[in-house]
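Visitor: I would like to go through this model with you, one question at a time, with the cut-offs spelled out as we go.
Guide: Please go ahead, and we can begin as soon as it is on display.

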Amino acid sequence: LSAFEPKISIQTSKHHYQPTQQHTTSRLSPEQFKITQMRNSGNNHHVGSPPDEWRSVESHLVHFHNFESVSSKKGSWERSPSFSCFGHKWGLVIMPGGHKRSDDGYMAFFLVHCSGPEISAKFQLGVRDKSGKVVHKVWSPYKTFEGGKDMEEGWHDFLDYSKAVKYLDQEGTLTVELSIQP
């Protein structure tokens, strides 16, 4: 990684805000990121089995601050601090220069299941542009994440790096929206 460590913040969205919580990882200090969690108000009630699009989805905004300072060398990566979703710990890995299996010029993204029992879920990653609109998104098929393992799933060729740089906000932050549906 570069000598300058980027800041990463995660914002969880549903309906209601909760106070900001500070978390640490081995590579980033608590001052370099924050996690703000929002939770479902619990006011939805269903009778019978709702269709898939009505099932619970929890979304998180992951902000990669100073994105252009993150190494774009193939194989270099940065991992977000872990966050809670559906009783499990998760993380997001970005490889701006791509994975060894990525096409040249493409970024890779992987969702990491850090803890919790086995869970089957599908997830979506979307990149927001300067106005906050999701301009590139991809849903995964349902995957089974084994319990007790750091297991990751994602895309080797998620988005062309040059396009991602065009989506940075005025402070140089790349905002990724992650949605998880069990």
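Visitor: Is Cys85 buried or exposed?
Guide: This is a predicted model in which local features need pLDDT of at least 70 and side-chain atom pairs count only at pLDDT 80 or more, whereas totals for chains, interfaces and linings use all residues. Residues are numbered from 1 along each chain as its sequence is written, and side-chain values use heavy atoms, with hydrogens and water left out. Buried means under 20% relative accessible area, exposed over 50%, and partly exposed in between, with a 1.4 Å probe and protein chains only. Because its relative accessibility is 1%, Cys85 counts as buried.

Visitor: How many disulfides does the structure hold?
Guide: A disulfide is a pair of cysteine sulfur atoms within 2.5 Å. Cys114, with a relative accessible area of 18%, is buried. By the distance criterion, the number of disulfides in the structure is zero.

Visitor: What kind of aromatic pair do Trp90 and Phe145 form?
Guide: Rings of Phe, Tyr and Trp (its six-membered ring) pair if their centres lie within 6.5 Å, and planes under 30 degrees apart count as stacked, over 60 as edge-to-face and the rest as tilted. The structure holds seven aromatic pairs. For Trp90 and Phe145 the ring centres are 5.2 Å apart and the planes stand at 85 degrees, so this pair is edge-to-face.

Visitor: How many residues apart are Trp90 and Phe145?
Guide: Strands (E, at least two residues) and helices (H or I, at least four) are DSSP runs, numbered from the N terminus. Trp90 belongs to strand 8 (residues 88–95) and Phe145 to strand 12 (residues 143–145), so that the pair links distant parts of the chain. Both Trp90 and Phe145 are buried. Their separation in the chain is 55 residues.

Visitor: What is the angle between the planes of Trp155 and Phe158?
Guide: Trp155 counts as buried at 18% relative accessibility, and Phe158 is buried at 3%. Both belong to one aromatic cluster, whose members also include Phe64, Trp90 and Phe109. Their rings lie 5.9 Å centre to centre in a tilted pair, with an angle between the planes of 45 degrees.

Visitor: Why is strand 10 (residues 119–128) largely enclosed by the rest of the structure?
Guide: Strands pair if DSSP finds at least two bridges between them. Strand 10 pairs in the antiparallel sense with strand 11 (residues 134–139) over five bridges, and with strand 12 over three bridges. Strand 10 is largely enclosed because, of its ten residues, the number that are buried is eight.

Visitor: Which residue in strand 14 (residues 174–181) is the bridge partner of Gly126?
Guide: Strand 10 and strand 14 pair in the antiparallel sense over seven bridges. Within strand 14, the bridge partner of Gly126 is Glu177.

Visitor: Over the face of which residue does Lys122 lie?
Guide: A charge sits over a ring if NZ of Lys or CZ of Arg is within 6 Å of the ring centre and within 35 degrees of the ring normal. The ring in question belongs to the residue in strand 11 that stands opposite Gln124. At 5.1 Å from the ring centre, Lys122 lies over the face of Trp139.

Visitor: Where in the protein is confidence lowest, and where is it highest?
Guide: Here pLDDT is the predictor's confidence in each residue, from 0 to 100, and the protein averages 78, with 71% of the residues scoring at least 70. Over residues 13–43 the pLDDT is below 50. Confidence is lowest in strand 2 (residues 16–17), at a mean of 26, and highest, at 97, in helix 1 (residues 161–166).

Key. Contact means heavy atoms within 4.5 Å.
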